[in-house]
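This report describes the open pockets and the enclosed space found in one protein model, with attention to what lines each of them.

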Amino acid sequence: MIRRFFVGLLFFLLISCGKNEKPIVAFYYWKTIFKLSPAEKEVLRDNKVSKLYIRYFDIGLHPETQDPIPMSPIRFQENAANFDIVPVVFIQNKVMSLPRLNIDDLAQKTIRLVEEMNAKNKIAVQEIQIDCDWTLKSKDNYLRFIEQFKKLSKKKLSATIRLHQVKYFKKTKIPNVDSGVLMYYNMGTIANDSLNSIYSKKVAERYLKSLKKYPLHLDFALPIYSWAIHIREQKVIGLRSKLNVNELKKDANFEKIGTIFFKVKKSNYKNGVFYEENDLLKIEAISSEDLIEMGNDLDNNLVHAPREIIFYDLDEFNIKNYEKNIFKQVISCF
């Protein structure tokens, strides 16, 4: 009787420990050169990060032939062997929308290029991730591509998933992958209004309840990037990345006219971009409070806990905007 009691107690404790296991911290790396700065190395070390999702290349269309081609492949200037590397291939949706796409050829060439890059840089990988915001129009090509890619690569395969693909999965279907990563950002339209297109709790709430019905295991990608929307005569003319708000405040050519808006007082060039007098810059960023809110809201709508929380993206410009323990705070939400 006593023996049964202790066996039962041990089983209960093991189950409890499994429930309390926190997800790991991982990062996306989205630059064209792999070389970690001292600040980037520090955040990886402090958060015991062992896994990096590195964008290897994009696949777009040749401007003349309209054939799929690899674009902007990454170059490794630093050894990445200390990390568990997951190559990420970003495929533009217009590639998957081609009416006569040679899926077998595209899958073979994509795998070959990933393998060549791995061999050149002495990187051994267990997993590959495909990043594509497929639509109803491109769905059939995309799903067939995933099937062929998985068959040929013989690797664990993951795919990025968007909120609308979770809510309407019976229409958009679910790719045959081992797991998905929900991209919990880019929720709105880039516009000259006062809304944040990167993250909106109001928009997210339309989709959150759908997570409990989604049959594929999901990990989560959360945003730590920011940008400025450049507006001229009430029209969006571009996105400006890596604009330091504190520098703008000190720059006499710019005037802060609201919580998120700066006005150009005098025409000038900044970081190689021309700003005309009376142009507006709308700053969109993610606060620490936003990240905690995202973590709590996701956790409240899950059936299965994530194994990883992946932050987009690892860049000194991004991480310096947060306190050192923010990533640990976020995973503690789960």
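## Second largest pocket

In this predicted model, α9 (245-250), β17 (280-284) and α11 each contribute at least two residues to the lining of the second largest pocket. That pocket holds about 410 Å³ of space, and among its 25 lining residues the ones nearest the centre are S226, V245, I283, A285 and N321.

By residue class, the lining of the second largest pocket consists of twelve nonpolar, eight polar and five charged residues.

## Largest pocket

The largest pocket encloses about 770 Å³ of space, and 27 residues line it, with Y185, N186, Y225, W227 and Y312 the closest to its centre. At least two lining residues come from each of β3 (51-61), α6 (163-167), β12 (235-241) and α11 (316-319).

The lining of the largest pocket is made up of 13 nonpolar, five polar and nine charged residues.

## Enclosed cavity

When the whole structure is searched, one cavity of 30 Å³ or more is found, and the volume of the largest cavity is about 40 Å³. Its lining is formed by S226, W227, A228, R240, K242, L243, V245, I283 and E284, with β11 (227-232) and β17 being the elements that give two or more residues to that lining.

Sorted by class, the residues around the largest cavity are five nonpolar, one polar and three charged. S226, V245 and I283, which belong to this lining, are also among the residues that lie nearest the centre of the second largest pocket, while W227, another residue of the cavity lining, is one of those closest to the centre of the largest pocket.

Conventions: Residues numbered from 1 in each chain as written. Predicted model: local features only at pLDDT ≥ 70, side-chain atom pairs only at ≥ 80, totals over all residues. Heavy atoms only, no water. 1 Å grid on protein atoms, 1.4 Å probe; cavity = no way out; pocket = protein on both sides within 12 Å on 5 of 7 lines; lining within 4 Å. Points joined across faces, edges and corners; volume = space filled by probe spheres on them. Helix = DSSP H or I, 4+ residues; strand = E, 2+ residues; numbered from the N terminus. Nonpolar A, V, L, I, M, F, W, Y, C, P; charged D, E, K, R; others polar.
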